Amino acid sequence: MTANNRRVRRNVVDIIWREGPMTRNQIADRLATIRGLREVPSETSLSSILAKNVQLRIVGSEVVERADGIKTKHSIFDINRDIIQSEDDIIYTRPPSCM
């Protein structure tokens, strides 16, 4: 895992903790405003990062209409509230490879 992916994983959890459940497109928009990231990952790469993160889970889906009129379902990601009860718990649930 590159150092940039580690920063992305840490920032995604912090963003979702502060702002609530989001789709990967909304997460990518928030990541674009953060300094310290070399580049925002592509949608495929971001989906992979989100799916492998034990701190997050999928809580539902949202129907989104693309520019060409096709409707697609996007997963909504949220903090895994079973293991993270407060902001202090975030650092204890991060995998060692993310630290």
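This report describes the overall build, the nonpolar core and one loop residue of the protein shown above.

**Overall build**

The model is predicted. The protein has four helices and three strands. Along the sequence they follow the order α-β-α-α-β-β-α. The radius of gyration is 14 Å, close to the 13 Å that the globule rule gives for 99 residues, so the protein is as compact as a globular protein of that length. Taken along the principal axes, the C-alpha atoms fill a box of roughly 45 × 30 × 20 Å.

Some values for the whole protein are set out here.

| Property | Value |
|---|---|
| Residues that count as buried, of the 99 residues | 35% |
| Contacts joining residues at least 24 apart, among those between residues at least 6 apart in sequence | 52% |
| Exposed area | about 6,100 Å² |
| Share of the exposed area from carbon and sulfur atoms | 48% |
| Distance between the mean positions of the 16 positive and 13 negative charges | 6 Å |

**The nonpolar core**

The largest nonpolar core has 18 residues. Val-12, Ile-27, Leu-31 and Leu-46 have the most contacts inside this core. Four elements each give two or more residues to the core: α1 (3–19), α2 (24–32), α3 (43–52) and β3 (71–79). The largest share comes from α1, which supplies five residues.

Leu-31 deserves a separate look. Residues up to four places away in sequence are not counted here. Beyond them, Leu-31 touches Val-8, Asn-11, Val-12 and Ile-15. Leu-31 also touches Leu-37, Val-40, Pro-41 and Leu-46. Two of these partners, Val-12 and Leu-46, are themselves listed with Leu-31 among the core residues with the most contacts.

**A loop residue: Val-54**

Val-54 lies in the loop between α3 and β2 (56–65). Is Val-54 buried or exposed? Val-54 has a relative accessible area of 51%. The cut-off for exposed is over 50%, so Val-54 counts as exposed.

Val-54 still has partners from elsewhere in the sequence. Leaving aside neighbours within four places, Val-54 is in contact with Asn-80, Ile-83 and Thr-93. Another pairing is given by C-alpha distance. Val-54 and Arg-94 are 40 residues apart in sequence, and their C-alpha atoms are 8.1 Å apart in space.

Terms used. Residues are numbered from 1 along each chain as its sequence is written. This is a predicted model: local features need pLDDT of at least 70, side-chain atom pairs count only at pLDDT 80 or more; totals for chains, interfaces and linings use all residues. Side-chain values use heavy atoms; hydrogens and water are left out. A nonpolar core is a set of buried Ala, Val, Leu, Ile, Met, Phe, Trp, Tyr and Cys residues joined through side-chain atoms within 4.5 Å. Buried means under 20% relative accessible area, exposed over 50%, partly exposed in between (1.4 Å probe, protein chains only). Contact means heavy atoms within 4.5 Å. The radius of gyration is taken over C-alpha atoms; the globule rule is 2.2 Å times the number of residues to the power 0.38. Accessible areas come from the Shrake-Rupley method with a 1.4 Å probe; for residues, only the protein chains shown count as cover. Lys and Arg count as positive and Asp and Glu as negative; His and the chain ends are not counted. The place of a charge is taken as NZ of Lys, CZ of Arg, CG of Asp or CD of Glu.
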